[in-house]
Amino acid sequence: MDAHRVIIVGGGVLGTMHAVEACRRGWEVVHLEADAGPRRASVRNFGLVWVSGRAAGAELDLAVRARELWEQLAIHSPAVGFRPDGSITIARHDNELALMAEAAAQPDAATRGFELLDANGVRAHNPAVRGELLGGLRCTRDAIVEPGLVLGALRITLEATGRYTWLPRRQVVDVETTPDGTAVAVDQLGNRHEGTAVVLCIGDRLSGLGGRIGATLAAAPLRKCRLQMMQTAPASERLTTALADADSMRYYPAFALPGLDALPEPAATTSQWGMQLLLVQRAGGGLTIGDTHSYDEPFDFAVEEHLYEDLRARAEALLGWSLPPVVRRWAGVYTGVTDERIYYRTTIDPGIVVVTGPAGRGMTLSPAIAEETWEELTR
Ligand SMILES: Cc1cc2nc3c(=O)[nH]c(=O)nc-3n(C[C@H](O)[C@H](O)[C@H](O)COP(=O)(O)OP(=O)(O)OC[C@H]3O[C@@H](n4cnc5c(N)ncnc54)[C@H](O)[C@@H]3O)c2cc1C
């Protein structure tokens with residue numbers, strides 16, 4: 001396809017990265033968002049560009065490419081807040097450290113920037129960590145962006161191209177390809193947005209569209225996950241890396257190694273709520289802390305206070321100091337694929353493509369996913 005006009009549906013990070021890639025290729029972009037501004041997973045996440053935990057092979061390659069793209073994007077849109085701070089996953093038990101040593105001995109350890117640290121090494125790399133610990137696994141490839149700023153920052157850069165139109169409060173209710181090959185998205189007001197292609201990045205709103213697209217999504221191998229999160233007031237300490245506790249190794253495929261079975265038995269709450277500790281400092285000093293994982297729909301409309309108490313206790317044990325007061329609590333939902341794919345992309349009709357389902361890695365992978373969509377569209 002030559003450069004033309006694309007209609008992008010969904011103002012989250014996937015839709016916005018598709019807009020960035022389209023404009024980079026000289027396409028004109030009309031970008032539709034159902035809400036007054038994007039308020040779903042893309043603004044509710046940790047902002048972790050998380051390379052460390054990715055599965056070996058294609059998923060790791062995609063994450064490495066995505067990190068490269070984030071770094072480049074930050075040159076033109078510095079307000080995304082890209083910081084190449086890396087992360088440390090903390091071990092407080094011998095078997096946790098043993099699993100980290102196993103991961104650090106894998107052939108792709110250098111690609112992830114893994115370095116096994118003893119307790120002094122952890123404190124040297126992140127002096128704010130003063131809890132009791134045995135050591136940790138540093139990942140120099142992990143990075144941080146500011147989820148509250150990314151989308152707005154990228155839209156400002158897009159608007160400067162003169163080829164980008166942002167239309168909030170436009171919910172797409174139907175799509176079609178006309179007999180002459182024009183791709184059309186119809187919004188709730190009956191407006192028809194026409195282009196060479198329509199790319200739908202609708203996140204977890206899987207049941208809002210009718211016709212063939214609605215039927216395709218209803219049968220797609222996708223499931224939703226709900227997470228609880230919180231943020232503290234600014235901390236007086238500066239955290240030089242993102243942090244994770246060893247429970248995170250239960251969820252990230254990079255640690256699906258023989259030593260995983262030898263991890264200490266998880267606490268009942270950890271198993272029931274799929275808990276791990278991830279902790280990242282925002283540019284303004286506050287600490288974003290999570291998380292939990294629930295898969296049973298319909299999801300609770302309220303957040304569970306006892307899970308916040310658990311997360312606070314974990315964070316304080318790891319840091320060795322009291323957290324500042326919690327000032328914000330929220331839940332977020334993402335959509336993930338249930339088969340072996342890394343994310344879900346399907347062509348409904350010629351020129352009409354749906355992209356969703358990157359699960360808890362969507363912030364990380366979004367620029368590289370957009371690049372792959374465009375390679376497919378222009379093949
Ligand atoms: C709590 C939490 C923490 C996470 N942490 C991380 C992390 O640290 N690192 C990481 O890599 N990933 C993380 N993720 C995952 C990541 O946030 C998601 O994978 C990613 O944001 C998905 O982006 P999206 O654009 O597909 O979806 P969304 O952010 O849900 O955006 C979809 C947008 O499309 C709009 N929309 C939907 N339907 C229509 C329609 N019919 N018409 C018009 N607009 C429509 C919606 O209103 C919404 O704004 C986390 C997710 C959560 C929930």
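The following exchange examines a predicted model of a protein chain with a bound ligand.

Trainee: Into which domains is the protein chain assigned, and how far apart do their C-alpha centres lie?
Mentor: The assignment gives domain 1 (5–44 + 148–221 + 340–377) and domain 2 (87–140 + 222–337). Across their interface, 18 residues of domain 1 are in contact with 12 residues of domain 2. The C-alpha centres of domain 1 and domain 2 are separated by 31 Å.

Trainee: From which domains does the shell around the ligand draw at least three residues each?
Mentor: The shell consists of 38 residues, and the closest are E33, S42, L48, A359 and T364. By class, these shell residues comprise 18 nonpolar, 12 polar and 8 charged. At least three residues come from each of two domains, namely domain 1 (5–44 + 148–221 + 340–377) and domain 2 (87–140 + 222–337).

Trainee: Which elements give two or more residues to the shell around the ligand, and what percentage of the ligand's area does the protein bury?
Mentor: Polar atoms of the protein approach oxygen atoms of the ligand at several points. A polar side-chain atom of E33 lies 2.7 Å from a ligand oxygen, a backbone N or O atom of A359 lies 2.7 Å from a ligand oxygen, and a polar backbone atom of R361 lies 3.4 Å from one. Two or more shell residues come from each of α1 (13–24), α2 (41–44), β13 (222–232), β17 (326–337) and α11 (362–377). Taken alone the ligand exposes 1,000 Å², of which the protein buries 98%.

Trainee: Is H193 buried or exposed, and what is its relative accessible area?
Mentor: H193 belongs to strand β11 (residues 192–195). Beyond four places in sequence, H193 touches I7, V30, L32, L167, R170, A183, V184, A185 and D187, and its side chain makes a polar contact of 2.9 Å with that of D187. Because a residue under 20% counts as buried, H193 is classed as buried, with a relative accessible area of 9%.

Trainee: Which residue's side chain is joined to that of D247 by a polar contact of 2.9 Å?
Mentor: D247 is located in the loop between β14 (242–245) and α9 (268–273). Despite this loop position, D247 counts as buried at 13% relative accessibility. Outside four places in sequence, D247 touches T270, M275, Q276 and R314. The side-chain partner in the polar contact of 2.9 Å is R314.

Trainee: Why does R130 count as partly exposed, and what is its relative accessible area?
Mentor: R130 sits in the loop between α6 (119–125) and β6 (135–139). Leaving out residues up to four places away in sequence, R130 touches R123, E237, L318, L319, G320 and W321. The class of partly exposed lies between the limits of 20% and 50%, so R130 falls into that class with a relative accessible area of 41%.

Trainee: What distance separates the C-alpha atoms of L69 and P367, which are 298 residues apart along the chain?
Mentor: L69 has its place in helix α3 (residues 58–76) and is buried, with a relative accessible area of 11%. Beyond four places in sequence, L69 is in contact with P367, A368 and E371. P367 is thus a contact of L69, although their positions lie 298 residues apart along the chain, and their C-alpha atoms are separated by 6.3 Å.

Definitions and conventions
Residues numbered from 1 in each chain as written. Predicted model: local features only at pLDDT ≥ 70, side-chain atom pairs only at ≥ 80, totals over all residues. Heavy atoms only, no water. Near = heavy atom within 4 Å. Polar contact = N/O pair within 3.5 Å; in protein donor to acceptor, adjacent residues only side chain to side chain. Areas by Shrake-Rupley, 256 points an atom, 1.4 Å probe, with all protein chains shown as cover. Helix = DSSP H or I, 4+ residues; strand = E, 2+ residues; numbered from the N terminus. Nonpolar A, V, L, I, M, F, W, Y, C, P; charged D, E, K, R; others polar. Domains from an automatic or database assignment. Buried < 20%, exposed > 50% of the residue type's maximum accessible area, 1.4 Å probe, protein only. Contact = heavy atoms within 4.5 Å.
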